[in-house]
Amino acid sequence: MLFHVKMTVKLPVDMDPAKAAQLKAEEKQLAQRLQRDGTWRHLWRIAGHYANYSVFDVPSVEALHDTLLQLPLFPYMDIEVAGLCRHPSSVHDDDR
Ligand SMILES: O=C(O)C[C@H]1C=CC(=O)O1
């Protein structure tokens with residue numbers, strides 16, 4: 001199942017910079033692992049924002065929920081999710 005996810009990062013302005021750097025490094029490590037295993041299909045920065053548009057490929061809504069909860073930055077993100085299904089006019093066979 002494919003899901004479009006918008007993540008907006010809102011780190012507290014008074015967060016210790018070392019803690020922020022650690023969280024971002026941990027997030028990057030997990031994000032790259034999930035991209036390599038095919039779970040995190042797309043990751044795009046939204047220009048001008050500390051936010052991203054992503055596409056996740058997971059077996060269920062519960063799996064998406066569990067994946068998002070694992071993200072080190074989860075406590076500091078606003079997350080919006082939209083389920084995706086194949087468009088009848090799509091020419092891409094892997095859109096499912
Ligand atoms: O920077 C972000 O958009 C937040 C998050 C998503 C992947 C990652 O490495 O950090």
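## A walk to the ligand

Start with the whole protein in cartoon view and trace the chain along its sequence: the pattern you'll follow is β-α-β-β-α-β. That makes two helices and four strands. Keep in mind that this is a predicted model. Colour it by pLDDT if you like: the protein averages 96, and 98% of its residues reach 70 or more. For the complex, the predictor gives an ipTM of 0.97 and a pTM of 0.94. Now turn the C-alpha trace around; along its principal axes it spans about 50 × 25 × 20 Å.

Next, select the ligand. Where does the ligand sit? You'll find it in the largest pocket. To see what surrounds the ligand, show side chains for Val 9, Glu 27, Lys 28, Ala 31, Trp 40, Leu 43, Arg 45, Tyr 50 and Asn 52. On its own the ligand would expose 280 Å², and the protein buries 88% of that. Try colouring this shell by residue type: five are nonpolar, one is polar and three are charged.

Which elements give two or more residues to that shell? Highlight helix H1 (17–36) and strand E2 (40–45), and you have them.

Now zoom in on the oxygen atoms of the ligand. Pick Arg 45 to begin with: a polar atom in its side chain lies 2.7 Å from a ligand oxygen. Then click over to Asn 52, where an N or O atom of the side chain is 2.8 Å from an oxygen atom of the ligand. Leave Arg 45 and Asn 52 displayed as sticks, and you've got both of these polar contacts in view.

Definitions and conventions. Residues numbered from 1 in each chain as written. Predicted model: local features only at pLDDT ≥ 70, side-chain atom pairs only at ≥ 80, totals over all residues. Heavy atoms only, no water. Near = heavy atom within 4 Å. Polar contact = N/O pair within 3.5 Å; in protein donor to acceptor, adjacent residues only side chain to side chain. Areas by Shrake-Rupley, 256 points an atom, 1.4 Å probe, with all protein chains shown as cover. 1 Å grid on protein atoms, 1.4 Å probe; cavity = no way out; pocket = protein on both sides within 12 Å on 5 of 7 lines; lining within 4 Å. Sits in = over half its atoms within 2 Å of the grid points. Nonpolar A, V, L, I, M, F, W, Y, C, P; charged D, E, K, R; others polar. pLDDT = per-residue confidence, 0-100.
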